[in-house]
Amino acid sequence: MHIAKIQKLENRAILVFYDIDLNILEEESFTDISSLNFFLQTLPRKYDVERTLFVVHDERQNKLNLQTAISENSYYIS
């Protein structure tokens, strides 16, 4: 299972995408969640990924959320 670590900050979102051995595949910063979600949906095809664990840290609300994406249509966060 791949892992996507996402930090939601006040004015941007930061993504670090890891493979199953925890090697960094992608590191990106986005100005809004819509751009992040669009990018997330490209990852399954780009890396031939079947499942990804999203670890989302919303620093504005001091919350941590875990979710699993199992299809291309589930690669998004709110």
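**View 1. Leucine 15 and its neighbours in the predicted model.** In this predicted model, leucine 15 touches a long list of residues, even when those up to four places away in sequence are not counted. Among them are Ala4, Lys5 and Ile6, then Glu26, Glu27, Glu28 and Phe30, and further along Leu36, Phe39, Leu40 and Leu43.

**View 2. The largest nonpolar core.** Zoom out from leucine 15 and you meet the core of 16 residues. Leu15 is one of the residues that touch the most other members, along with Ile6, Leu36, Leu40, Phe54 and Ile77. Which elements give two or more residues to this core? They are β1, β2, β4 and α1, the last spanning 33-40. As background, nonpolar side chains tend to be buried together in soluble globular proteins.

**View 3. The five-stranded sheet.** Here the strands of an open sheet are lined up in the order β3-β2-β1-β4-β5, and their pairing is mixed. The edges belong to β3 (24-30) and β5 (63-69); each has a single partner strand, so one side of each has no neighbour in the sheet. From one strand to the next, the twist averages 15°.

**View 4. Strand β2 and its two hairpins.** Strand β2 covers residues 13-18, and five of its six residues are buried, so the rest of the structure largely encloses it. It pairs with β1 (residues 2-8) in the antiparallel sense, over six bridges. Look for lysine 5, whose bridge partner in β2 is valine 16. Four residues make the hairpin connection from β1 to β2. β2 also runs antiparallel to β3, again with six bridges, and phenylalanine 17 has glutamate 26 as its bridge partner in β3. This second hairpin has five residues between its strands, and leucine 22 in the turn shows a positive phi of about 65°.

**View 5. The other end of the sheet: β4 and β5.** Seven bridges hold the antiparallel pairing of β4 (residues 52-58) with β5. For a landmark, find leucine 53, which stands opposite threonine 68 in β5.

**View 6. Aromatic pairs.** How many aromatic pairs does the structure hold? There are three, and two of them appear here. Phenylalanine 17 and tyrosine 47 form a tilted pair, at 5.8 Å centre to centre with 40° between the planes. Phenylalanine 17 sits in strand β2 and tyrosine 47 in helix α2 (residues 43-47), so this pair ties together parts that are 30 residues apart in sequence. Are the two partners buried or exposed? Phenylalanine 17 is buried, with a relative accessible area of 0%, whereas tyrosine 47 is partly exposed at 25% relative accessibility. Phenylalanine 30 and phenylalanine 39 make another tilted pair, because their planes lie at 50°; their ring centres are 5.4 Å apart. Both phenylalanine 30 and phenylalanine 39 are buried.

**View 7. Two loop residues with positive phi.** Most residues other than glycine have a negative phi, so the pair in this view is worth a look. Where is aspartate 48 found? It is in the loop between α2 and β4, and its phi is near 50°. Aspartate 48 counts as exposed because its relative accessible area is 67%, and the cut-off for exposed is over 50%. Asparagine 62 lies in the loop between β4 and β5, and its phi is also positive, near 55°. At 65% relative accessibility, asparagine 62 is exposed.

Definitions and conventions
Residues numbered from 1 in each chain as written. Predicted model: local features only at pLDDT ≥ 70, side-chain atom pairs only at ≥ 80, totals over all residues. Heavy atoms only, no water. Pairing = 2+ DSSP bridges. Axes fitted to C-alpha atoms, helices over the stretch in contact; angles between N-to-C directions. Buried < 20%, exposed > 50% of the residue type's maximum accessible area, 1.4 Å probe, protein only. Phe/Tyr/Trp six-rings, centres within 6.5 Å; stacked < 30°, edge-to-face > 60°. Core = buried A, V, L, I, M, F, W, Y, C linked by side-chain atoms within 4.5 Å. Contact = heavy atoms within 4.5 Å.
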